[in-house]
Amino acid sequence: MKVINKAQGKIDAGDRLEVLPMSQHTGAEIHGVDLREPMDDSTAHAIRAALLQWKVVFFRDQELTRDEHVALGRNFGSVCPGHPTLAPRFPEHPEIVMIEKENHSDDLGANEIEHRWHNDLSYMAAPPMGSILRAVSLPPYGADTEWTNLAAAYAALSAPIRELIDGLTAVHHNVLHVVRGEPNKLAREFMATPLRARHPVVTLHPETGERQLYVNPDYTSHIVELSRQESGHLLEMLNEHLCSREFTVRFRWRPGSIAFWDNRATAHIAPADVPPGHRRVMERITLDGTSFVGPTGFESVTVDGSGAAVVGTRSP
Ligand code: SIN
């Protein structure tokens with residue numbers, strides 16, 4: 001299997017796979033693989049290497065069934081139950097979460113959830129290592145997704161800020177930001193069981209060892225070691241920094257598109273621009289991950305509402 005990285009030359013042997021970087025730090029399209037086929041180890045290895053380098057990889061023209069979507073995930077780890085609080089949408093595929101967005105003009109203003117940059121399930125002590133999202137039904141235009149590279153974001157901070165945050169920890173909580181009206185049924189179900197975890201603010205990537213800025217604009221509630229006011233101001237700065245344009249990539253979905261992201265090393269933002277009268281349906285699977293360790297040795301833990309560690313529940 002040859003992997004040609006157009007920016008950096010050949011990184012593996014073989015003759016089919018091409019890795020085409022999409023921005024300075026983040027995202028690469030991979031060509032030359034049919035994801036419906038059983039995957040040999042060298043192909044899985046090459047895709048994983050591209051994922052670790054580019055943090056999110058994209059595939060085109062892959063018409064996968066649900067079974068094939070789950071089978072694809074198994075090449076890279078163990079596929080988790082779809083979601084810790086949402087009931088499975090497809091009883092025969094409890095690993096799959098359906099993400100549906102509709103824009104009915106008569107619905108506008110009924111309730112509105114502000115979707116911020118986030119990584120998936122960071123309110124768990126061991127969030128997924130990766131997520132694989134499949135386009136099922138797309139609007140004719142709009143509704144792109146964006147990702148940002150949290151290792152590049154950390155590296156770009158000035159040294160005194162890196163030194164400050166290296167020793168901090170933060171609580172992540174499964175609360176959605178309802179900006180108008182009452183939470184809808186799905187949002188209520190999402191938040192019904194409070195889930196909280198405390199993670200280092202800077203995580204060491206479990207595979208590459210890179211330092212990453214691990215705050216989550218959607219779910220990080222506060223930095224434990226600071227006053228609420230200090231925590232609020234620092235989080236505001238870090239949240240703004242982590243999605244600076246130079247760390248990001250924007251993906252235009254087409255029928256058959258697949259995105260596979262390293263959920264430990266990226267944050268992403270779902271689109272808020274499904275055109276009126278249109279519907280967008282995506283299906284996502286997630287791969288089991290591990291807790292994080294920070295530069296000072298703090299390891300992620302499950303916490304209760306007071307912020308205290310919950311004994312014996314380090315993993316979801
Ligand atoms: C997600 O937030 O996991 C899905 C992103 C999207 O719908 O584009």
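This is a friendly dialogue about reading a predicted model, from its strands to its salt bridges and its ligand.

Student: Where should I begin with the strands, and in what order do the four strands of the open sheet lie?

Tutor: Look for strands that pair side by side, then write down their order. Here the order is β15-β10-β12-β20, and the pairing is antiparallel.

Student: Which are the edge strands?

Tutor: An edge strand pairs on one side only, and here that describes β15 (220-223) and β20 (301-302). You can follow one pairing in detail: β12, residues 196-200, and β20 are joined over two bridges in the antiparallel sense. Within that pairing, R198 stands opposite V301 of β20.

Student: What can I say about H173?

Tutor: Start with its element: H173 is in strand β10, which covers residues 169-173. Next, check how covered the residue is. H173 has a relative accessible area of 17%, so it counts as buried, the cut-off being under 20%. Finally, compare sequence with space: H173 and D218 are 45 residues apart in sequence, and their C-alpha atoms are 8.8 Å apart.

Student: Now the charged side chains. How many salt bridges does the structure hold?

Tutor: The structure holds 19 salt bridges. Let's take one of them: the side chains of R48 and E207 meet with 3.0 Å from N to O. R48 lies in helix α1 (residues 41-54), while E207 sits in the loop between β13 (202-204) and β14 (211-213), so this pair ties together parts 159 residues apart in sequence.

Student: Are R48 and E207 buried or exposed?

Tutor: The answer lies in between. R48 has 23% relative accessibility and is therefore partly exposed. E207 is partly exposed as well, at 37%.

Student: Which residue forms a salt bridge with R134?

Tutor: The partner is E283, and the closest N and O atoms of the two are 3.0 Å apart. This pair links distant parts of the chain, with R134 in strand β8 (residues 130-137) and E283 in strand β19 (residues 279-287), 149 residues apart. Accessibility is worth checking again: R134 is buried at 10%, and E283 is buried at 1%.

Student: Which residues are linked with R48 and E207 in a network of salt bridges?

Tutor: To find a network, look for salt bridges that connect into a group. D262 and R264 are linked with R48 and E207 in such a network. The side chains of R264 and D262 meet at 2.9 Å, N to O. R264 is buried, with 5% relative accessibility, and D262 is buried at 0%.

Student: Let's move to the ligand. Which residues are around it?

Tutor: List the neighbours, then sort them by character. Around the ligand are I99, H118, D120, L133, T145, W261, H268, A270, P271, R280 and R284. This shell divides into five nonpolar, three polar and three charged residues.

Student: Which side chains have an N or O atom at a listed distance from a ligand oxygen atom?

Tutor: Three examples will help you. A ligand oxygen is 3.2 Å from an N or O atom in the side chain of H118. For the side chain of T145 the distance is 2.6 Å, and for that of R284 it is 2.9 Å.

Student: And how much of the ligand does the protein bury?

Tutor: Begin with the ligand alone, which exposes 260 Å². The protein buries 96% of that area.

How values were computed:
Residues numbered from 1 in each chain as written. Predicted model: local features only at pLDDT ≥ 70, side-chain atom pairs only at ≥ 80, totals over all residues. Heavy atoms only, no water. Pairing = 2+ DSSP bridges. Salt bridge = Lys/Arg side-chain N within 4 Å of Asp/Glu carboxyl O. Buried < 20%, exposed > 50% of the residue type's maximum accessible area, 1.4 Å probe, protein only. Near = heavy atom within 4 Å. Polar contact = N/O pair within 3.5 Å; in protein donor to acceptor, adjacent residues only side chain to side chain. Areas by Shrake-Rupley, 256 points an atom, 1.4 Å probe, with all protein chains shown as cover. Nonpolar A, V, L, I, M, F, W, Y, C, P; charged D, E, K, R; others polar.
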